[in-house]
Amino acid sequence: MQGEAPAIEIRDLRKLYGDKAAVDGLTLTVPQGCFFGFLGPNGAGKTTTIKMLMGLAPPTSGSIQLLGLPMPERSLDIKQQIGLVPDESMLFDHLTGGEFIEFVGRIYGLDRAMARARADELLDLFELGSSPKKLIAEYSKGMRKRVAMAAALIHRPKLFLMDEPFEGVDAVGARLMKDILLDQVRHGATIFLTSHVLEVVERLCERVGIIHEGKLIAEGLMADMRGTAATLEDAFVRALGMEHAAETLDWL
Amino acid sequence: MTQIGAIFWAQWRTLYHFYPRRGVAWSAIVGFIWYGLWTGAAIVMLRVFSNPSQIPVIRIALPGGLLLMFLYWQVVPLMLATTGSSLDLRKLRAYPIPDSQLFSIEVLLRVTAGIEMVLVLIGITIGALLNPALPKWSLLATGVYITFNLIIAVGLRDMMARLLARKRIRELVFFLLILGAALPQLVLARQGMVSPQLRLLITRDNWQGWPWAAASNLILGIRLAPSLAVLCAWTLGALVFSRWQFSRTLAFDSDAANARGSKSGGRSWWIEWFYCLPSTLLKDPLGALIEKEFRFLVRSPRFRLVFLMGFTFGLVIWLPMVFVPHGPLGEFFVRNYLTVVCVYSLMLMSEVCFWNAFGFDRSAAQFYFLAPVSFTRVMAGKNLTALFFMLIEIVMVTTVCILLRMPLDARRFAEAYSVAAVVMIFLFSAGNLLSIRQARGVNPANSFRTGAAGQQQATLFAVYPVTFAPILLAYLARYAFGSQAALFVVLAIDAIGGLIVYRVALDSAVQTAERTREAMIAALSAGDGPIAD
C-alpha cells in the first residue's frame, strides 16, 4: 500500500499567521519517483509549506500524507524515510562537516561506525574532505548547502525535502549536486525542492508547482507549464501576472 | 539510546570546538572559584550532617533548607530569565527522535539550572550516611528529591517560555510573576503574620505533604513510608505535568502565536514619536544609529522582559526590606533603598545593554563595519541608547518611590543618581571591551536566556567586583570620615577616573574591533549545537 501511495499528498492545507494565510487551501499530489519543483516569489508560502511537510510547523487545517503515512500522526515513521535539506540555520555551526553528517546518521539510527564511514565517503563525494577540521561556522554558503545535502543522503531516504538547495552554490558544486539528485531519482527516490534558480529547476524537474500568496496557481508537467513560453522563467512570470516592464525611479 | 548518545556527543564536540578558541583557562578559573565555593558549602553540609550532636539543629532547619533549594532551582531561574541549557528543539524537531527521548534529555539538562543545589544535596547525603544517629535513607531521599526538581523544572520552564512567547499574554504572565515574587516577602514583612505563615512552609511542624517536608522526614528517618509515598507522588505529578507541558512545547508554533497577538492596524503615534526622538535631538548618522537601536530593542522580547524586570523586580524584591523597621538591615534599606534598586536595575539590564551590545543585532554587525561611519560612533550610539533606557529605568524607579512615599530627600536622590552614574561609566567601559572581545550571537526573540556563555559568565564574575570597587571606596570614605561630603568627593573622583577609563576602553574596543572584525562577525553569526547555551 505504502509503495503505491503518492510520495506527497496534501489536501486543502492552510497555515494562518494571525489574520494572514501564509498557505491557503493548498492541494497537491507528488507521485513517487518524481523530481518536483515548487516555485513561487518571495513570501509566497514555499518555506511555510516545506516546514509543514518537515513537521517543523503544524498546519492550521488540512491534511498531509507523506509516503502514504499521515503527518503528524506517523511523524516518526515518516521522518525516518525523509532526507532534509533545510534552511541553513538548522545546521550546528560548531561541529565540523564530518561530525555533523555523522551526528545526523546516528540520529537516523545508523551505528556509530557506519555513520562515521558514510560521513567520510559523503565528505569526499561532496568535495568537503580536504579540510576536515573546518567548522561549519567557517563554511561558505555553498559549502553549507553541500554539507546539508550530504547529511540528507546518509540514511538513503525515499523522499527528499529541500529548501533552496542550490542557493549560493557555485557551478561545479551545483553540477555535482544535480548529478547526485538525478541519480537518486533514477533509483526511485522522490525529490521535492523549492528554488529561485529557475534554470536549475527547468533542467531537473519533471513536474512543477507555482505558489503565489499561499495558493497553488499552476501545477503540471514541465513541458505543459512552459507551453509556448521560451523559458520556465517567462512562464513563471506570466503565471504570476507580473509581465509589466520594470519601472524606474526619477532620481535613480 | 543511540539518539541520546548522539545528541550528547554532538554537544560535547560543540563545546570542544568552541571553548579552546574562547579562553578556556579564564572560564575554568572562575568556574573553579564559583563551584569551589559551592563545593565548600557542600563540605560544610557534610560535616554538619555527619555530626550526631547537630541533629536537633538539622531537624529544625532541614525542611526550610530544602525549600530554599527548591526555590533556587525553580523560581530564581525564572526571575532572572536564565533557565540553563536546553535542547534546541527548533533544530531537532526535524529528525525522527521520539518525544520521550527528547524529554529525557531535557530533564537531564535541568541540572544546569541548579548544579549548585546538586552539590549541596550530595554533601547532605554523604553527611547523613556517615551519621550513626541517622537512618540510611538519605540517598533515596535526595535522589528522589533531585529527580522531582529536575522533572518539575522542565514543566515550569516550558510553560513559562510558551506563555512569554505570546504577545499580550506575556505581559499578563509577567505581572503575575512579579506578584508571585512579591507575595512571600510582603508576608514576611508583615510582622505577626510571619510566624504562622512561615511555619506552614518550613518548620518541623509544617504540613507534611510538601515535597521538602517529605524529603526531610526521609533523611531524618521520620514517618518513612508516608514520606516516601508523598515524595513519589509529587515526583509522579511533576512527571505528568512536565510531559504535558513538553508535548505542548513540541507542538507550539511561536511564529503563529506571535502573529495572533500582533495588530494589523497602524502604529501608535506616540511610539513613533519615541522612536524618532533621537533623530530630533542628534544629527545623523548618530541620530539614525540610535533611532535604529530604539526600534530594534523595543521590538525585542528579551529586551522588553529584562527592562520590565529591571525596575519592577528591583522594587518588589527590595521593598519589603524597608518595612522591617528594626535592626541594621532595615535601617540600611530605608537609607539606601533608591540606590540599591537603581544599582540592581543596572545589573539586570547590563546583559542587554552592556556586555554583548552586538549580540542582539548580530545581523547589523556586518553593516556597521561596511557603513561609512566610524566604529567609535557606532559604539557611542549603542552606549547612548543604553544610557537613555537606563535613565528611563531609574526615573521610573524614582517615581514609584515617590508615589510610595518612601523616605527620600535631595541627599538620597543625589546619592542614588551619583552612584548609578559612576557604576554606569564603569559598566560602559567594561561592556564596550567585552562586546567586542566576547561577541556572541543572541536570539532577541527568546524571552528566556537559556544560559550565558561560560566565558562571559566567568568574566562578569571578575568584572563586577572591579566595577563596583570605586563605589565601595566612596562608601568607605563616608564611613571613615563620617561625612556625606566625603562620599560625594570620592564619587566625583571616581567619575573623572571612570571617564578616562571609558575613553581608553572605547579606543581599545574600537581598535580591537577593526583588527578582529572577521572573527567577531563569525562569532556573531555562529549558531549552537543541539543544546542551546
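## Reading burial, contacts and cores in a predicted two-chain model

Student: What share of the contacts in chain B, counted between residues at least 6 apart in sequence, join residues at least 24 apart?

Tutor: In chain B, 80% of the contacts between residues at least 6 apart in sequence join residues at least 24 apart. Please keep in mind from the start that this is a predicted model. For chain A, residues 24 or more positions apart account for 67% of the contacts with a separation of 6 or more.

Student: How do you know whether the radius of gyration of chain A agrees with that of a compact globule?

Tutor: A compact globule with 252 residues would have a radius of gyration near 18 Å, and because chain A has 19 Å, the two agree. Along the principal axes, the C-alpha atoms of chain A fill a box of roughly 55 × 50 × 40 Å.

Student: Which helices and strands does each chain have?

Tutor: Chain A has nine helices and 10 strands, while chain B has 22 helices and two strands. As for burial, 54% of the 252 residues of chain A count as buried, and in chain B the figure is 53% of 533 residues. The accessible surface of chain A comes to about 11100 Å², with 51% of it belonging to carbon and sulfur atoms, whereas chain B has about 24000 Å², with 71% belonging to those atoms.

Student: Why is Thr49(A) called buried?

Tutor: Buried means a relative accessible area under 20%, and Thr49(A) has 0% relative accessibility, so Thr49(A) counts as buried. This residue lies in helix H1 of chain A, residues 46-54. Leaving aside neighbours within four places in sequence, Thr49(A) is in contact with Ile10(A), Val23(A), Leu26(A), Phe38(A) and Ile211(A).

Student: Why does Thr398(B) count as buried?

Tutor: The relative accessibility of Thr398(B) is 6%, and with the cut-off at 20% Thr398(B) therefore counts as buried. Thr398(B) is found in helix H18 of chain B, which covers residues 375-403, and its contacts beyond four places in sequence are with Leu338(B), Phe413(B) and Tyr417(B).

Student: Is Ala229(A), which sits in a loop, buried or exposed, and why?

Tutor: Ala229(A) has a relative accessible area of 10%, and because this is under 20%, Ala229(A) is buried. The loop in question runs between helix H8 (222-226) and helix H9 (232-240) of chain A. Not counting residues up to four places away in sequence, Ala229(A) touches Asp234(A), Ala235(A) and Arg238(A).

Student: What makes Asp12(A) partly exposed?

Tutor: Partly exposed is the class between 20% and 50%, and Asp12(A), at 46% relative accessibility, therefore counts as partly exposed. Asp12(A) lies in strand E1 of chain A, residues 8-17, and its phi is near 50°, a positive value in a residue other than glycine.

Student: Why is Leu67(A) called buried?

Tutor: Leu67(A) has a relative accessible area of 1%, which is under 20%, so Leu67(A) is buried. It also has a positive phi, near 55°, in a residue other than glycine, and Leu67(A) lies in the loop between strand E4 (61-66) and E5 of chain A. Following strand E5 (69-71), Pro72(A) lies in the loop that leads to helix H2 (75-80), and the peptide bond from Met71(A) to Pro72(A) is cis, with omega near 10°.

Student: What makes helix H10 of chain B mostly covered?

Tutor: In helix H10 of chain B, residues 211-220, 10 of its 10 residues are buried. Among them are Pro211(B), Trp212(B), Asn217(B) and Leu220(B). Just after H10(B), Gly221(B) takes a positive phi of about 80°.

Student: Which residues have the most contacts inside the largest nonpolar core?

Tutor: The largest nonpolar core has 139 residues, and those with the most contacts inside it are Ile8(A), Phe103(A), Phe126(A), Leu161(A) and Phe192(A). Helix H7 of chain B, residues 138-164, gives the most to this core, with nine residues. Another core lies apart from it and has 76 residues, among them Ile271(B), Leu297(B), Val373(B) and Val510(B).

Student: What does Ile8(A) touch, not counting residues up to four places away in sequence?

Tutor: The residues touched by Ile8(A) include Leu28(A), Val30(A), Leu53(A), Leu66(A), Leu161(A) and Phe192(A).

Conventions. Residues are numbered from 1 along each chain as its sequence is written. Chains are lettered from A and ligands numbered from 1 in the order in which they are written. This is a predicted model: local features need pLDDT of at least 70, side-chain atom pairs count only at pLDDT 80 or more; totals for chains, interfaces and linings use all residues. Side-chain values use heavy atoms; hydrogens and water are left out. Helices (H or I, at least four residues) and strands (E, at least two) are DSSP runs, numbered from the N terminus. The radius of gyration is taken over C-alpha atoms; the globule rule is 2.2 Å times the number of residues to the power 0.38. Buried means under 20% relative accessible area, exposed over 50%, partly exposed in between (1.4 Å probe, protein chains only). Contact means heavy atoms within 4.5 Å. Accessible areas come from the Shrake-Rupley method with a 1.4 Å probe; for residues, only the protein chains shown count as cover. A nonpolar core is a set of buried Ala, Val, Leu, Ile, Met, Phe, Trp, Tyr and Cys residues joined through side-chain atoms within 4.5 Å.
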